[in-house]
Amino acid sequence: MKIATFNINGIRARLPALTDWLAEAAPDLVVLQEIKTVDEGFPVEHFSDLGWNVVTHGQKSFNGVAILSRLPLEDVTRGLPGDETDEQARYIEATVVGQVAVRVAGLYLPNGNPAPGPKYDYKLAWMERLRQHALTLLATEMPVVLTGDFNVIPEPRDAAHPEQWVNDALFLPESRAALRRIEFQGWTDAIRIRDPYAKRGPFTFWDFQAGAWPRDNGIRIDHMLLSPQAADRLRDAGVDREVRGREKPSDHVPVWVELDA
DNA sequence: ATGGTAGCCGTGCTA
């Protein structure tokens, strides 16, 4: 089973680019971030006509997550537990049953800039809620894929120019420690372990500004965390870097894993 | 130090 994550930065603006990538990459399931629309604005029919099951958790203008799946999605839950007052649409979870049942969690972690400030406080509080919920996911002892735009650069080698990020919410020590705290629960970073001694990257995001893509000034912030039961089934993982160079691209590119599941 | 780009029921905000 091929499972992917793709921050598409606006579903309507990205419809051609996403449709093309789906056809050639042929994932079984993809979690989307930054759909930037309410549920009613998501072009469900476009995708159902192409054979996708669609579940969304949208919000007007900002944020919003969704899952497209070839197989039916079961037990769909929307929103990250732990704060009933949180109105930002950043989390969705569902089960897909192939050879075995796999729980897939799609997330769009808060950016947190500027830091310090209320947005950074929200990011860290959200990460603490994620840490708590990740424990309950591990306790199911299912294969779980916890994936999406984490908005955290794990290490200096995950940025082309780490010195440019030292005061940024994506790279501050507290952000990195919070991600590490979750990973150390027992999650496997599927892209990192594919090339554990990589000197740089692979990057998953290049800013639209300042010629970041032609200069390859990228960062790795889209991650695939696997529970032990999912990691045991890991066959391959990758980043579809070339998607960034196409017409009307997102600023992120797809990241994927293939599981024996 | 600045400004550069992209998307959105938008002319400012978020990233």
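Start with D236 and E258: the bridge partner of D236 in β14 is E258. The model is a predicted one, so treat each stop as a computed feature.

**Stop 1: β13 and β14**

Keep D236 selected and extend to β13, residues 234-239. Now add β14, residues 255-259. The two strands run antiparallel and are joined by 5 bridges. Pick V239 next. Its bridge partner in β14 is V255. Switch on a surface for β14 and check how covered the strand is. Of its 5 residues, 4 are buried.

**Stop 2: across to β1**

Hold V255 and look for T5. T5 stands opposite V255 in β14. Select β1, residues 2-7. β1 and β14 pair in the antiparallel sense, over 4 bridges.

**Stop 3: the whole sheet**

Which strands make up this sheet, and in what order? Colour them in turn: β3-β4-β2-β1-β14-β13. That is an open sheet of 6 strands with mixed pairing. β3 and β13 are the edge strands, and each of them pairs on one side only. Look along the sheet to see the twist, which averages 15° from one strand to the next. As background for the view, strands of a sheet pair through backbone hydrogen bonds, either parallel or antiparallel.

**Stop 4: β4 and its two partners**

Select β4, residues 65-69. Is this strand covered or open? Mostly covered: 5 of its 5 residues are buried. Show the side chains. V65, I67 and S69 point one way from β4. A66 and L68 point the other way. Residues on both sides are buried.

Now take the partners one at a time. Add β2, residues 29-33. β2 pairs with β4 in the antiparallel sense, over 5 bridges. To find one of the matched pairs, click Q33, whose bridge partner in β4 is V65. Then add β3, residues 53-57. β3 and β4 also run antiparallel, joined by 5 bridges. Click T56 here: its bridge partner in β4 is A66.

**Stop 5: DNA strand B**

Hide the sheet colours and select DNA strand B. How many residues surround it? There are 15, and the closest are R12, R14, K119, Q209 and K248. Colour the surface near DNA strand B by residue class. You get 4 nonpolar, 5 polar and 6 charged residues.

Next, select the atoms of DNA strand B within 4 Å of the protein. Of these, 63% belong to sugar or phosphate, and the rest to bases.

Zoom in on three side chains in turn:

- R12: an N or O atom of its side chain is 3.0 Å from a phosphate oxygen of DNA strand B.
- R14: a polar side-chain atom lies 3.1 Å from a phosphate oxygen of DNA strand B.
- Q209: an N or O atom of its side chain is 3.3 Å from a base nitrogen of DNA strand B.

So what do R12 and Q209 reach on the DNA? R12 has a phosphate oxygen at 3.0 Å, whereas Q209 has a base nitrogen at 3.3 Å.

**Stop 6: the annotated span**

Finish by selecting residues 4-252. An unreviewed UniProt entry lists this span as "domain: Endonuclease/exonuclease/phosphatase". Draw a distance between its end C-alpha atoms: they lie 13 Å apart. Colour the span by secondary structure to see 23% helix and 25% strand.

Conventions: Residues numbered from 1 in each chain as written. Chains lettered and ligands numbered in written order. Predicted model: local features only at pLDDT ≥ 70, side-chain atom pairs only at ≥ 80, totals over all residues. Heavy atoms only, no water. UniProt positions renumbered as here; feature names shortened; annotations may be inferred. Near = heavy atom within 4 Å. Polar contact = N/O pair within 3.5 Å; in protein donor to acceptor, adjacent residues only side chain to side chain. Nonpolar A, V, L, I, M, F, W, Y, C, P; charged D, E, K, R; others polar. Buried < 20%, exposed > 50% of the residue type's maximum accessible area, 1.4 Å probe, protein only. Pairing = 2+ DSSP bridges. Axes fitted to C-alpha atoms, helices over the stretch in contact; angles between N-to-C directions.
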